[in-house]
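These are my notebook entries on what I looked up in the structure shown below. I kept them in the order in which I searched.

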Number of protein chains: 2
Amino acid sequence: MRRVRIALLGCGTVGGGLVRLLAAGRERIAASHGVEFELARVLVRDVSRAREGVSPERLTSRVDEAMPDDAEIVVELLGGLEPAGTLVRAALRRGLPVVTANKALLAEHGRELFALARANGATLGFEGSAGGGVPIVRALRGGLAGNRIESMEAVLNGTCNVILTRMEQDGMSFAEALRGAQEAGFAEADAGLDVGGHDAAHKLVVLSALAFGHWAPPSSVNVRGIEAVTPQALADARARGRALRLVASAQRWGAALELSVAPRELPREHPLARAAMEQNVIVVRGDTVGELVFTGRGAGAGPTATAVLGDVCDAVAALPRLEAWMPPAMMRAG
Amino acid sequence: MRRVRIALLGCGTVGGGLVRLLAAGRERIAASHGVEFELARVLVRDVSRAREGVSPERLTSRVDEAMPDDAEIVVELLGGLEPAGTLVRAALRRGLPVVTANKALLAEHGRELFALARANGATLGFEGSAGGGVPIVRALRGGLAGNRIESMEAVLNGTCNVILTRMEQDGMSFAEALRGAQEAGFAEADAGLDVGGHDAAHKLVVLSALAFGHWAPPSSVNVRGIEAVTPQALADARARGRALRLVASAQRWGAALELSVAPRELPREHPLARAAMEQNVIVVRGDTVGELVFTGRGAGAGPTATAVLGDVCDAVAALPRLEAWMPPAMMRAG
C-alpha cells in the first residue's frame, strides 16, 4: 500500500468535508487506487480550534510551514487570491502536484499558473473550482475532443439558486432568503461574491478556458447579480410559466466570445430552469456531440470535496515512483 | 507536431464518424493536444467500397494485416466478440493503447482484458462503450473518488428510446416504430440486441464495474426488452401522467448488487422520463456527492465518435516518448 502525504491548505467547509471523506472513503480508495492518504500538515487561521479527524500537532497557522518537505500533494482550499496564490506558485515551482478549488485565483491567474505547472512538470487539478460535485472539468478537459464548442449556459452558483428558489417558493424577500441561506450554511457571512454574480463569473472564466481554449479576463465578463430580484418579479415569471435563474453564459459571436452572468427568465422545461436549491446545471453544445446536460449539487462540503478528492487520486497517478495506474477494481470478478 | 498512427478496426457508423471528426477537428486537436493523427490501416469487410477520408491503400479486410508494426494506437469499433476480442488481446500484448466502444466484448471479457492491459502496461479506453456522447466513464472512473455509489439508473439504449418516443407520440405499433428507427439509421438491421434489452445490459455491466468495483456476468442481469410494449400501454401511462422507458438499473441490496433492464413507468418529472428520442440519461447517487444526472445523445455517429476520440487523445498522453501532457490551450491569453 502506497502512502501519500497531503499538505492541506485551508480547513473550512470544503476542507473539513475532504477530511471526512478521506476518513470515510479510506478503504474504498485503498481498494480502487492502492493508496492511503495522510495529512502531513493542515494550514488554518486558528490552531487552537480542534478539527475533527486532524491531530492537533498537524495544524499550523504559519504559511511558511504549510508545505513540509515530505508533502507529496498540495490541496489548496483557502479561497481568495492571497496567500493562496503564493503557496500554489511555490508548490508548482517545487514540481508538486496541486489540487485547487479556487476559482477566483484561477480566473485571475490561471494562464500563468498552468504555464508554471507545465514548466515544472507539475499537474494542476481544478475539478472543485466549478460545478461542485458535477465532474464538468473532467468532461470538458477530455470528453469533447475534436468538437468545436458552440456555447455553454449554466447555473453555477448554488447560493444564488437557493435564494431564488426560496424567494419563489416561499415569497421571501431577497434579504430574508439570503439570511436563510447563510443560516443553512450555503452562503458566506460576506455573500457579496455570490449574490453579485462574481463567483459565477469566475467559474465561467475557468470553464470557458477549457471549452473555448483561452483565458478571458474576469473583467471582460458582463456581470449582473440577483440583489435587485424581487419576489414580485419571480411571481410574475411564474405566472407566465417561466422561472428566473442566475445564468452564466458563454456564446460565440463570429470570432468573438461573449461571457455574461445575469438573472434570466427561462421556460420551465429549460434544463437550467430545473436547477433546484443548491443544484448546478451545465449545458454544453458541441458541433459533433450535440447538447450535453450535467446536473448535480453545486454547493456544500460533500460534493466539492468529492471533486477535490477525484483530482487528488488523479494526481497520485502522476506521482513519480508509481507505475501506470490501473484500478484494481477493474480486475475483480463479480 | 507529433504524428500518431492509428489502426482503426471497423469503419461502420461510429468508425466513419471518427474518420470525419478526425478530419474536421484536425486543427483543434493539433492546438489542444499537439498531435496529428494518421490512419495507418483501416480494417473493413469490403475493401472495394470507398470510404470518405480514407485512402484506398489503407483499407484491408485481412485481420492479420489490421495492426501494422508502426501503429501506435488501436481503435476497435468492430463490435461483437470476434474477431474484436482476438485483435484487442493481440494489441494489448504488444503494449499498445487500445480504445474500444465494444460493450459486448467488455461485458463478457472486461476483467480479463483489463488484467491483460495492466500486465502489459497498456491503457484501455472505453468511453464510447456506454452513454454515447455522455462522458459517463470519465465521470465514474475518477470523478466520484471516495464515494460509495448507492445506485445507478439509466436510459442507455438510444434505439429503444427512439422507438418508445415514436410509439408514444405518433401512436405507432412497435413494428412500425422499429422500421422507422432502422430507416433513420438508429437501429441495426438485426435490432435484437437493442430491443431485447441486451445492449443496455452490456452497457450496465460496464458502468457497474466502474461504479461498484466488480464485473457482474452479463447472464446475471435480469433483462426484459421492449418488444411487448403496446401503443395502448404507452397511452395508458401517459393518461396517468407517466412515461415508459427502458430502464437499466443497478441497486444495492445489502451486500448484493442487483442489475436489471426492463421497461418501467416513471413520473414525467423523473430525469429518465425526460430522455427524448436518442438521448441517454444516467442518474448516479453517491453517498457524499448526492445525485448526479448526465444527459446527452446516446446513439449516432457523432456523439460516440466524440467519446472515442477523447479516449484516443488520452491515450496519446500515455504513449512513451512524450512528456507529461498539458493542454497548450490552457496557456493562451484571452
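**Entry 1: a buried salt bridge**

I began with E72(A), which counts as buried at 13% relative accessibility; buried means under 20% relative accessible area, exposed over 50%, and partly exposed in between, with a 1.4 Å probe and protein chains only. The model is predicted, so I noted that local features need pLDDT of at least 70, that side-chain atom pairs count only at pLDDT 80 or more, and that totals for chains, interfaces and linings use all residues. I also noted that residues are numbered from 1 along each chain as its sequence is written, that chains are lettered from A and ligands numbered from 1 in the order in which they are written, and that side-chain values use heavy atoms, with hydrogens and water left out.

I then looked up the partner of E72(A): its side chain meets that of R2(A) in a salt bridge, 2.9 Å from N to O (a side-chain nitrogen of Lys or Arg within 4 Å of a carboxyl oxygen of Asp or Glu). This pair links distant parts of the chain, since R2(A) is in strand β1 (residues 2–9) of chain A and E72(A) is in the loop between β3 (59–60) and β4 (73–76) of chain A, 70 residues apart. For these names I wrote down that helices (H or I, at least four residues) and strands (E, at least two) are DSSP runs, numbered from the N terminus. R2(A) is buried as well, at 17% relative accessibility.

**Entry 2: further salt bridges**

How many salt bridges are there over all chains? I recorded 51 from a search of the whole structure.

In chain A, I looked at R148(A) and E150(A), whose closest N and O atoms are 3.5 Å apart in a salt bridge. R148(A) is partly exposed at 30% relative accessibility, and E150(A) is partly exposed at 32%.

I next took R285(A) and E153(A), whose side chains meet in a salt bridge of 3.6 Å, N to O. R285(A) lies in strand β11 (residues 279–286) of chain A and E153(A) in strand β7 (residues 149–155) of chain A, so the pair ties together parts that are 132 residues apart in sequence. Here R285(A) is partly exposed at 26% relative accessibility, whereas E153(A) is buried at 7%. I also found that salt bridges with shared partners join R3(A), R5(A), R26(A), E36(A), E38(A), R58(A) and D70(A) into one network.

**Entry 3: aromatic rings**

I counted rings of Phe, Tyr and Trp (its six-membered ring) as a pair if their centres lie within 6.5 Å, with planes under 30 degrees apart called stacked, over 60 edge-to-face and the rest tilted. By this rule there are five aromatic pairs over all chains. In one of them, F114(B) and F126(B) are edge-to-face, at 5.2 Å centre to centre and 80° between the planes. F114(B) lies in helix α4 (residues 103–119) of chain B and F126(B) in the loop between β6 (124–125) and α5 (136–143) of chain B, so the pair ties together parts that are 12 residues apart in sequence. Both rings belong to buried residues: F114(B) has a relative accessible area of 0%, and F126(B) has 1%. In chain A, I noted one aromatic cluster of F114(A), F126(A) and W215(A).

**Entry 4: where the two chains meet**

Contact here means heavy atoms within 4.5 Å, and I found 56 residues of chain A in contact with 57 residues of chain B. Between chain A and chain B the count is two salt bridges, and I looked at the one in which the side chains of R28(A) and D287(B) meet at 3.7 Å, N to O. On the side of chain A that touches chain B, the elements that give two or more residues are α2 (26–33), α4 (103–119), α5 (136–142), α9 (198–212), β12 (290–297) and α11 (301–318) of chain A. Which element gives the most to this side? I wrote down β12(A), with eight residues.

**Entry 5: a loop glycine**

Last, I looked up G80(A), which lies in the loop between β4 and α3 (84–93) of chain A and is partly exposed, with a relative accessible area of 35%. Not counting residues up to four places away in sequence, G80(A) touches N102(A) and L105(A). G80(A) and L105(A) are 25 residues apart in sequence and 6.3 Å apart in space, C-alpha to C-alpha.
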